[in-house]
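This report describes selected local features of a protein structure. Please keep the sequence and the three-dimensional view at hand while reading.

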Amino acid sequence: MPAPVKLSAKAAVTTAYVTSLLMASLDTNIVNVMLPTLTREFSAPLTSVKWAVVGYVLALAITMPVAAWLTGRFGMRRMYLTALGLFVLASACCGAAQNLPELVVTRFAQGAAGGLIGPVATAMLYRTYPQEERGRMTRLLLMPVALGPALAPPLGGFLVDHLSWRVAFLVNAPVGLITAAAVLAGLPADRGSREQRLAPANFLTAAAGLSGAMYLLGEGPERGWGSPPIIIVACATAAALGCFVTIEFRSSQPMLDLPLLRDRLFRYSNLATLFQTMTFLGGMLYITPLLLQQLDGRSPLAAGLVMTVVPVGVVTSSQTAGRAFDRIGPRPLVVAGQSLLAVDLLVVSRFDGTTPVWAFCAAMFFAGLSNGMGMVGLQASMFAHIPRESISRAATLLNVNRQVATALGVSVATVVLTAAGPHSLFTSQPYHVAYLITAASSACAALAGLVIPRRLGLPADPAAAAPTSVSTAAPAADAA
């Protein structure tokens with residue numbers, strides 16, 4: 001009998017990280033391309049269909065905070081493989097949905113499983129690679145990670161045009177199997193700790209606050225901000241989020257470890273990431289496929305092919321900016337990248353149904369180029385001052401931030417695009433306004449980048465590097 005294939009720990013966690021982001025990119029970008037198809041399939045307006053996107057990222061944000069606790073309680077490898085299996089199963093259920101409510105529910109379940117995958121994979125990666133290797137690691141990993149956004153739009157467009165939107169959800173199955181095999185081959189079995197405890201109040205207040213915020217963004221413009229249900233939900237949401245923050249800062253085992261935000265680099269890197277994600281994932285990548293199909297009348301495949309140039313720009317930029325990171329530091333990359341992206345989106349805001357396709361391609365390539373520059377600066381420096389034993393919770397906090405930002409961007413864009421009614425999707429003015437808002441968001445990311453330290457070094461306050469939470473990673477990860 002041949003010996004089982006073995007991988008190094010670095011190879012295993014790298015595979016898990018890349019394929020996790022690949023599946024997330026495939027899911028997000030494929031659904032963005034198929035939104036016009038879903039509105040026709042279910043005879044529903046965009047304001048309803050958008051919950052297939054918002055419900056997914058909202059579920060991600062709700063379950064991410066418990067990922068660190070589950071990892072510490074049941075072990076890193078076991079938790080990752082369980083979440084991966086549930087994610088693939090939920091993806092199959094999405095493809096079998098018979099109506100829009102079923103699709104939204106199964107997308108929520110898919111997001112709930114996906115919310116456990118991302119933080120565990122990120123924590124495994126950053127605990128395995130030391131700080132001095134992270135700049136090079138980030139530069140190299142951006143290339144395979146960019147395959148998701150590159151493949152998803154044309155793949156989704158092809159499947160929708162020639163097969164069915166249902167088939168598009170099944171692409172996660174082979175990716176999930178490859179990932180599971182790599183983790184089993186490279187990471188030894190680990191045990192969790194029964195000492196890990198989850199405070200129900202932390203989770204319930206966070207879930208209530210996030211759910212309420214997304215509901216307000218989705219329903220507020222339609223019901224009216226002064227309507228009694230909206231006012232009641234707004235008050236309940238503010239109370240839940242206020243209670244969550246108070247509980248987190250007083251807890252000996254916080255769920256998100258908000259005290260980590262006392263570190264200046266981590267705090268402002270997360271702020272810049274919030275606006276960057278709203279701009280890119282929740283804004284540009286959501287709006288542009290709609291414009292290309294609804295306003296320009298292009299097919300899902302044609303729209304997907306245009307969007308393919310975005311990750312090409314990201315990869316091109318990351319390979320150049322990544323080599324310069326150690327020399328110039330994170331601040332110039334973040335400020336320059338997000339400022340250039342804002343200018344590019346100002347140009348795109350003037351596009352309409354008569355704009356030639358080559359202009360869209362050029363603008364999308366430049367957007368990827370600019371965003372890639374900022375990504376390198378933020379990702380390579382984000383955890384520079386975070387103690388090793390707190391990286392798991394820091395990764396969870398970062399991933400929650402990204403998903404909330406994506407949901408926020410999608411909700412704001414949908415409100416803008418449909419403010420004048422469902423037929424406004426076929427006029428250029430709403431798209432102009434939506435792009436202007438995304439440009440402003442990118443400018444905010446650049447402003448946040450100005451506060452990021454010019455050079456990476458030790459925290460100004462030595463206490464900032466002190467452990468702020470109990471380690472949630474498995475002993476095997478330390479050995480790796």
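The text below treats aromatic rings, a surface patch and selected residues in helices.

The model is predicted, with local features requiring pLDDT of at least 70 and side-chain atom pairs counted only at pLDDT 80 or more, whereas totals for chains, interfaces and linings use all residues. Residues are numbered from 1 along each chain as its sequence is written, and side-chain values use heavy atoms, with hydrogens and water left out.

**Aromatic rings**

The structure contains one aromatic pair. Phe351 and Phe360 form this pair, with 5.0 Å from centre to centre and 75° between the planes, an edge-to-face arrangement. Rings of Phe, Tyr and Trp (its six-membered ring) pair if their centres lie within 6.5 Å; planes under 30 degrees apart count as stacked, over 60 as edge-to-face and the rest as tilted. Phe351 and Phe360 are both buried. Here, buried means under 20% relative accessible area, exposed means over 50%, and partly exposed lies in between (1.4 Å probe, protein chains only).

A ring also takes part in another kind of contact. The charged end of Arg107 sits over the ring of Tyr56, 4.2 Å from the ring centre. Such a placement requires NZ of Lys or CZ of Arg within 6 Å of the ring centre and within 35 degrees of the ring normal.

**Residues in helices**

The table lists residues with their helices; helices (H or I, at least four residues) are DSSP runs, numbered from the N terminus.

| Residue | Helix | Relative accessible area |
|---|---|---|
| Ser48 | α2 (residues 46–49) | 28%, partly exposed |
| Val167 | α9 (residues 165–168) | 31%, partly exposed |
| Ala342 | α16 (residues 330–348) | 8%, buried |
| Asn401 | α18 (residues 391–418) | 15%, buried |

What do Phe158, Leu163, Val167 and Leu170 make? These residues make a nonpolar surface patch of about 350 Å². Patch members have over 30% relative accessible area and no salt bridge, and nonpolar side chains are joined within 5 Å.

Two residues of the table can be followed to distant positions in the sequence. Ser48 and Val104 are 56 residues apart in sequence and 9.5 Å apart in space, C-alpha to C-alpha. Ala342 and Ser442 are 100 residues apart in sequence, and their C-alpha atoms are 5.2 Å apart in space.

Finally, a polar atom of the Asn401 side chain lies 2.8 Å from the backbone oxygen of Asn270.

Key: Helix = DSSP H or I, 4+ residues; strand = E, 2+ residues; numbered from the N terminus. Patch = residues over 30% accessible without salt bridge, like charges linked within 9 Å, V, L, I, M, F, W, Y side chains within 5 Å. Areas by Shrake-Rupley, 256 points an atom, 1.4 Å probe, with all protein chains shown as cover. Salt bridge = Lys/Arg side-chain N within 4 Å of Asp/Glu carboxyl O. Polar contact = N/O pair within 3.5 Å; in protein donor to acceptor, adjacent residues only side chain to side chain.
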